[in-house]
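Dear colleague,

I am passing on the structure below, and after it you will find notes on the ligand and its surroundings. Please read them beside the sequence.

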Amino acid sequence: MSKKIQIVSKTAQVGEVEELCRAVADEVEALIKEKEAEGKKVILGLATGSTPLPFYRELIRRHREEGLSFENVMSFNLDEYEGLGRDHERSYWAEMWRNLFDHVDIDPSNVSVPLSIFEDAGEAALEYENAIKEAGGIDWQLLGIGGEGHIGFNEKGSQVDSRTRRIKLARKTTMDAAPSFGGEANVPTHAITMGVGTILEAHRIVLMARGESKREIVNRAMSGEVGPEVPASFLQNHGNVGWFLDNDAAGS
Ligand code: PGA
């Protein structure tokens, strides 16, 4: 079995998960070092879900074994479930700490995740947008892709200029989340997500996809019609996107 990554186009790389995660971690490490040399913080946009887990493990390994420091990193999470609260083990706040932040030297005040509990969704969303702007915008955004092509929780129908907002989760999304919530009835019905427009403002975007179940939607996102039917297709309009696909997702 080959361990090599295949560069299939200027923007797409296909290979074994471990190799892809190393390549993506190389990008982040280089960016951290570049910004450090400039005396600036790196602003990362990070994602939850199962896809990034081996990538986060690689970052943690580099921190522990190679001294990669996150002191200079600021992070904004893509999205959060409504109503769970941060203490809930399935909240994205808790997932990010469990899977990454607890294991590296990031300053907790540099971690932002949309609020799970809020009085006014519009206000919570606007504050999040403003916090990203105040930080200077996102340098490097990580994305997964949902079974129907969502990025963040921008479900089918999300427009290219959508901003951070409250959104009703698609049935496919709640069904996919059901096992980890012990049944669909326990899955929150709504979330706060960065918008497609918010995501597209990131300087660099990396979308990772794994598994055969993602093959068709990845194909539609990368080379199908661009539009709200498959929100990830809007990435075709961004000049600096890297697609990192395992062999199953790429169909190779
Ligand atoms: P997954 O989710 O990484 O768990 O497949 C991706 C997504 O829904 O964006």
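The ligand is surrounded by Gly 49, Ser 50, Thr 51, Gly 144, Ile 145, Gly 146, His 150 and Lys 214, where near means a heavy atom within 4 Å. This is a predicted model, in which local features need pLDDT of at least 70 and side-chain atom pairs count only at pLDDT 80 or more, while totals for chains, interfaces and linings use all residues. Residues are numbered from 1 along each chain as its sequence is written, and side-chain values use heavy atoms, with hydrogens and water left out.

Three polar contacts (N or O atoms within 3.5 Å) involve ligand oxygen atoms: a side-chain N or O atom of Lys 214 lies 2.6 Å away, a polar side-chain atom of His 150 lies 2.7 Å away, and a backbone N or O atom of Ser 50 lies 2.9 Å away. Of the 280 Å² that the ligand exposes when taken alone, the protein buries 73% (Shrake-Rupley method, 1.4 Å probe).

The ligand takes up the space of the largest pocket, with more than half of its atoms within 2 Å of the grid points. A pocket here is an open set of points on a 1 Å grid over the protein atoms alone, where a 1.4 Å probe fits, with protein on both sides within 12 Å along at least five of seven lines, and lining residues have an atom within 4 Å of a point. The lining of this pocket numbers 29 residues, and Gly 49, Ser 50, Tyr 92, His 150 and Asp 176 lie nearest its centre.

With regards

Terms used: Polar contact = N/O pair within 3.5 Å; in protein donor to acceptor, adjacent residues only side chain to side chain.
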